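Welcome, and thanks for stopping by. Please take a look at the sequence and the fold shown here, and then we can walk through them together.

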Amino acid sequence: MKKALIALGTIVIILIAFIGGLIVAENRAKVALEADVADYLDGCAITPDTIDVHGRPYLLYATQHTADLSYVDLDPAKGTNKDQVLVHRLVDGHADRLTRFITFDYPSGQVRPVKNPDDSYTEVATIDGKRVTFSARAEGNRLDVLADERFLTDRALPQAAEVRNVSAGDDGVVVEVEYADTDCR
């Protein structure tokens with residue numbers, strides 16, 4: 001009976017050590033993937049505030065030097081309240097796509113976004129009872145945001161991009177841009 005308890009105790013200790021080792025390895029793999037994303041963004045002249053790498057197990061992705069999808073929060077500039085980059089499928093320092101969502105502050109006033117029947121946002125908001133349509137255009141490294149075809153604000157981008165979508169959300173005007181060149185280095 002004593003030998004059986006010693007054998008069982010040994011097995012339990014080995015299992016605990018193995019599981020603990022996996023947890024430590026998983027955390028280190030996540031840190032390594034976040035560092036890969038940060039290095040890639042550094043080459044794109046983008047400074048991350050926080051990085052959230054998605055895709056588990058991290059250990060498997062780290063051994064392949066692949067970050068499937070990463071959400072990167074940037075420090076919002078004046079006139080914006082959220083700035084986020086999505087890095088799509090980063091493999092050995094090259095991303096398939098680099099998408100950025102910048103939420104610009106609304107002009108002052110009472111704002112109510114106009115929604116579609118399916119509750120999705122449109123590019124229209126009502127500001128102090130007046131219907132305003134938002135749009136954006138990218139020219140070179142400059143992003144212009146327009147309200148009823150008149151200049152509202154602008155933003156310098158680290159590289160050329162294409163406007164993919166504009167919507168009037170609860171927190172501001174959300175502009176989605178996709179960078180033209182994902183090979184930043």
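Is Arg89 buried, partly exposed or exposed? This is a predicted model, and in it Arg89 has a relative accessible area of 37%. That value falls between the cut-offs of 20% and 50%, so Arg89 counts as partly exposed.

**Arg89 and its partner**

The side chain of Arg89 meets that of Asp68 in a salt bridge, with 3.8 Å from N to O. Arg89 belongs to strand β3 and Asp68 to strand β2, so this pair ties together parts that lie 21 residues apart in sequence. Asp68 is partly exposed too, with a relative accessible area of 34%.

**The sheet**

Let us step back to the sheet that holds these strands. It is an open sheet of 6 strands in the order β1-β2-β3-β4-β11-β10, with antiparallel pairing. The edges are taken by β1 (50-54) and β10 (161-168); each has a single partner strand, so one side of each has no neighbour in the sheet. From one strand to the next, the twist averages 20 degrees.

Now follow the pairs across the sheet. Strand β2 (residues 66-73) is joined to strand β3 (residues 80-91) by 7 bridges. In this part of the sheet, Asp73 stands opposite Gln84 in β3. Helix α1 packs on the sheet and touches β1, β2, β3 and β4 (94-104), and its direction makes about 110 degrees with that of β3.

Next come β3 and β4, which pair in the antiparallel sense over 10 bridges. Here Val91 of β3 stands opposite His94 in β4. The two strands form a hairpin with 2 residues between them, where Asp92 takes a positive phi near 50 degrees.

Val91 deserves a short stop. Its relative accessible area is 27%, so it is partly exposed. Leaving aside neighbours within four places in sequence, Val91 is in contact with His65 and Thr66. From Val91 to Asp68 there are 23 residues in sequence, and their C-alpha atoms are 8.1 Å apart in space.

Further along, β4 pairs with strand β11 (residues 173-179) in the antiparallel sense over 6 bridges. Arg100 has Val177 of β11 as its bridge partner, while Phe104 has Val173 of β11. Why can β11 be called largely enclosed by the rest of the structure? The reason is that 6 of its 7 residues are buried.

On its other pairing, β11 is joined to β10 by 7 bridges, and the two run antiparallel. Val166 has Val175 of β11 as its bridge partner. β10 and β11 form a hairpin with 4 residues between them, and Gly172 in that turn has a positive phi of about 150 degrees.

**Salt bridges**

How many salt bridges does a search of the whole structure find? The search finds 13. Some of them join into a network that links Arg137, Glu139, Arg142, Asp144 and Asp154. The table lists three salt bridges with their distances.

| Salt bridge | N to O distance |
|---|---|
| Arg89 and Asp68 | 3.8 Å |
| Arg137 and Asp144 | 3.6 Å |
| Arg142 and Asp144 | 2.6 Å |

Asp144 appears in two of these rows, with Arg137 and with Arg142. Is Asp144 buried or exposed? At 5% relative accessibility, Asp144 counts as buried. Its partner Arg137 is partly exposed, with a relative accessible area of 37%, and Arg142 counts as partly exposed at 38%.

**A nonpolar patch**

Finally, turn to the surface. Ile11, Leu15, Phe18, Ile19, Leu22, Ile23 and Leu59 make a nonpolar surface patch of about 650 Å². Which element gives the largest share of this patch? That is helix α1 (residues 2-43), with 6 residues. Ile11, one of the patch residues, sits in helix α1 and is partly exposed, with a relative accessible area of 48%. Helix α1 is also the helix that packs on the sheet, so a walk along it is a good way to revisit both the sheet and the patch.

Terms used. Residues are numbered from 1 along each chain as its sequence is written. This is a predicted model: local features need pLDDT of at least 70, side-chain atom pairs count only at pLDDT 80 or more; totals for chains, interfaces and linings use all residues. Side-chain values use heavy atoms; hydrogens and water are left out. Patches are made of residues with over 30% relative accessible area and no salt bridge: like charges are joined within 9 Å, nonpolar side chains (Val, Leu, Ile, Met, Phe, Trp, Tyr) within 5 Å. Accessible areas come from the Shrake-Rupley method with a 1.4 Å probe; for residues, only the protein chains shown count as cover. A salt bridge is a side-chain nitrogen of Lys or Arg within 4 Å of a carboxyl oxygen of Asp or Glu. Buried means under 20% relative accessible area, exposed over 50%, partly exposed in between (1.4 Å probe, protein chains only). Two strands pair if DSSP finds at least two bridges between them. Axes are lines fitted to C-alpha atoms, for helices over the stretch in contact, and angles run from 0 to 180 degrees between N-to-C directions. Contact means heavy atoms within 4.5 Å.
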